[in-house]
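Okay, everyone, thanks for coming. Let me put the structure up so we can walk through a couple of spots together.

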Amino acid sequence: MGDLFPALSADHPEVTELESLCLRCRENGTTRLLLTKIPFYREVVVMSFCCDHCGWQNSELQPAATVQPTGVRCELSVRTRQDLNRQVVKTRDAVVTVPDVELEIPARTQEGSVTTVEGLLQRAVQGLEASLADCAEEARAGKLSDFVGRLRDLLQLRRQFRLVLDDPSGNSFVENPQAPEADPCMVVQRYQRTAQQDAALGIAESSSSVQDDDVRDDVLGFATNCSECQAPCETRMKLTQ
């Protein structure tokens with residue numbers, strides 16, 4: 001088993017390959033793992049899966065660190081092509097918004113990724129275009145088409161816009177080309193999480209004051225992923241005698 005799981009090194013990146021089950025066709029595919037460092041950020045684990053049988057591919061990113069003591073909110077003013085090319089680390093707990101066009105990508109609707117500002121918008125366009133192709137309602141299709149056009153205008157920099165990346169886990173990141181100096185185009189804020197955000201991250205402290213009878217009456221819910229298709233879902237638990 002020693003050869004199957006060789007040690008990963010952040011100083012000398014080495015890709016580890018593992019044979020793993022494809023959740024689409026149930027044949028064996030290949031998962032690749034890479035531990036690497038992102039400048040002025042931290043270590044991350046980049047994972048990709050490919051199945052040679054059905055062609056299914058998937059990739060995601062996980063910070064090689066625990067949840068940070070505070071959440072982080074990055075607000076970037078996108079004005080130039082260089083801003084579109086900024087590197088972005090987005091965890092699955094992050095919410096991405098573009099207030100100028102009322103675009104929001106909710107938390108846990110996408111896996112974590114290493115991309116760019118342009119890549120985030122292109123992925124949103126691709127998702128909307130897929131929905132547009134399946135839309136049979138003419139009025140809704142027209143609204144989707146108009147919205148896609150507004151996003152394409154942003155990609156062409158026909159107008160300046162703001163991009164906000166808000167991550168309660170504190171593990172998301174937008175590149176600062178001026179680092180370690182301050183970035184005149186971006187505001188980064190650290191904030192204390194709410195109790196609800198701690199609960200969503202699975203780090204809420206249990207209260208010793210809760211009585212056993214009260215717990216038995218409660219239905220506990222927590223966010224997780226479907227074991228079959230990996231889509232976000234909710235698991236519910238209830239204590240019984």
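So, to start: how many bridges join strand β7 to strand β10? Three, with β7 covering residues 95-98 and β10 covering 161-167, and the two strands run antiparallel. If you want one of the pairs to click on, take Thr 97, whose bridge partner in β10 is Val 164. And just so we're clear, this is a predicted model.

Okay, zoom out a bit. Those strands belong to an open sheet of five, in the order β8-β7-β10-β5-β12, with antiparallel pairing. At the edges you've got β8, residues 103-105, and β12, each pairing on one side only. From one strand to the next, the twist averages 10°.

Now look at helix α2, residues 117-133, which packs on that sheet. The helix touches β5, β7, β8 and β10, and its direction makes about 90° with that of β10.

Last stop, the other end of β12. Follow that strand, 186-191, into the loop before α4, which is 195-201, and you'll find Arg 193. Is this arginine buried or exposed? Arg 193 counts as buried, because its relative accessible area is 15% and the cut-off is under 20%.

And what does its side chain meet? There's a polar contact of 2.8 Å between the side chains of Arg 193 and Asp 198. A polar atom of the Arg 193 side chain also lies 2.9 Å from the backbone oxygen of Gln 68. Leaving out residues up to four places away in sequence, Arg 193 touches a whole list of others, among them Val 67, Pro 69, Pro 168, Leu 201 and Ile 203.

Definitions and conventions:
Residues are numbered from 1 along each chain as its sequence is written. This is a predicted model: local features need pLDDT of at least 70, side-chain atom pairs count only at pLDDT 80 or more; totals for chains, interfaces and linings use all residues. Side-chain values use heavy atoms; hydrogens and water are left out. Helices (H or I, at least four residues) and strands (E, at least two) are DSSP runs, numbered from the N terminus. Buried means under 20% relative accessible area, exposed over 50%, partly exposed in between (1.4 Å probe, protein chains only). A polar contact is a pair of N or O atoms within 3.5 Å; within protein, one must be able to donate a hydrogen and the other to accept it, and residues adjacent in sequence count only if both atoms are side-chain atoms. Contact means heavy atoms within 4.5 Å. Two strands pair if DSSP finds at least two bridges between them. Axes are lines fitted to C-alpha atoms, for helices over the stretch in contact, and angles run from 0 to 180 degrees between N-to-C directions.
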